[in-house]
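Hello,

Here is the structure I promised to pass on to you. Have a look at it first, and then read my notes below.

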Protein chains: 2
Amino acid sequence: MMDSKNEFLHVHEESIKKVSENIPDDETLYDLAELFKVFGDSTRIKILYALFTTELCVYDISQLLNVSQTAVSHQLRVLKTNKLVKSRKEGKNVFYSLADDHVYSIIGQGIEHIEE
Amino acid sequence: MMDSKNEFLHVHEESIKKVSENIPDDETLYDLAELFKVFGDSTRIKILYALFTTELCVYDISQLLNVSQTAVSHQLRVLKTNKLVKSRKEGKNVFYSLADDHVYSIIGQGIEHIEE
DNA sequence: CTAATATATGAACAGATATTCATATGAAAG
DNA sequence: CTTTCATATGAATATCTGTTCATATATTAG
């Protein structure tokens, strides 16, 4: 308010400076958005949640979620590319399971947020 | 393999049953996906991260991130609708800040995941 | 080898979404 | 009251994304 310099620049310079120092580089922020984008789809969230309990093969998942086998396959690929699930081949089946614990904690935090 | 019942149904019945018991209802999963969708955009992630450090007004944010004022406004509305940020009016300015701690922890987990 | 089953992949289409542009609202200054 | 500044909003557009359909690959059974 009394700071004529800020008035002149039309921005709150000090805040800008503080934030610039702490914010990660563009690439990290981009990757982060890409990661959350993967969680941002009902089908994929359902798949991940299903895998909370046990590993499942593609057909199991499609039955369980009432989603076509093709759609499940496509989404599993997205999940695998982003290292959220891993797979194991057994005969004609491919079993998918969660790749690491971050999936649990990220989804957990999400649940907490919406349950308010 | 030896379980003829499973063979007949083409699915692993027991797994399906276990998962069905633990999976949240469709609405919760849908809301969860909607929440993560909000995090799944570079501009919004940048805004959230900027607000980690301090509250900021719209013009500050648009300067800081090199995004048009209009785009920032639109995205802030999305963030506010989803209760990720709150706002405070001061004269001509509207200052935005993070709405709660889940934002920190969700993004924190995301960072951990991509840093591997 | 042939048929059947399980999964994957590519192209096409439909629906969603982020930005831009033009403009509206609202507050302070002159 | 008029102008300027800060923010918000609505419509239009271009891009992105998820599903479907058709088909390919791969494994096992007969």
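Which residues are closest to DNA strand D? In this predicted model, 25 residues surround the strand, and the closest are A:Thr43, A:Arg44, A:Gln75, B:Thr70 and B:Tyr96. Of the atoms of DNA strand D that come within 4 Å of the protein, 66% belong to sugar and phosphate.

Some individual contacts are worth finding on your screen. A:Arg44 places a polar side-chain atom 2.6 Å from a phosphate oxygen of DNA strand D, and A:Gln75 has a polar side-chain atom 2.6 Å from a phosphate oxygen of the strand too. For B:Gln69, the partner is a base nitrogen of DNA strand D, 3.0 Å from a polar side-chain atom.

Both chains contribute elements with two or more residues at this surface: helix 4 (42-53) and helix 6 (69-81) from chain A, and helix 5 (58-65), helix 6 (69-81) and strand 3 (93-98) from chain B. Helix 6 of chain B gives the largest share, 5 residues. By type, the surface near DNA strand D has 12 polar, 7 charged and 6 nonpolar residues.

Now back to A:Arg44, which sits in helix 4 of chain A. This residue is buried but has no salt bridge. Its nearest side chain of opposite charge is A:Asp41, 4.4 Å away. Leaving aside residues up to four places away in sequence, A:Arg44 touches A:Lys37, A:Val38, A:Gln75, A:Val78 and A:Leu79. A:Gln75 thus appears twice in these notes, as a neighbour of A:Arg44 and as a residue with its own phosphate contact.

Best wishes

Technical notes: Residues are numbered from 1 along each chain as its sequence is written. Chains are lettered from A and ligands numbered from 1 in the order in which they are written. This is a predicted model: local features need pLDDT of at least 70, side-chain atom pairs count only at pLDDT 80 or more; totals for chains, interfaces and linings use all residues. Side-chain values use heavy atoms; hydrogens and water are left out. A residue is near a molecule or strand if one of its heavy atoms lies within 4 Å of it. A polar contact is a pair of N or O atoms within 3.5 Å; within protein, one must be able to donate a hydrogen and the other to accept it, and residues adjacent in sequence count only if both atoms are side-chain atoms. Helices (H or I, at least four residues) and strands (E, at least two) are DSSP runs, numbered from the N terminus. Ala, Val, Leu, Ile, Met, Phe, Trp, Tyr, Cys and Pro count as nonpolar, Asp, Glu, Lys and Arg as charged, and the others, Gly among them, as polar. Buried means under 20% relative accessible area, exposed over 50%, partly exposed in between (1.4 Å probe, protein chains only). Lys and Arg count as positive and Asp and Glu as negative; His and the chain ends are not counted. A salt bridge is a side-chain nitrogen of Lys or Arg within 4 Å of a carboxyl oxygen of Asp or Glu. Contact means heavy atoms within 4.5 Å.
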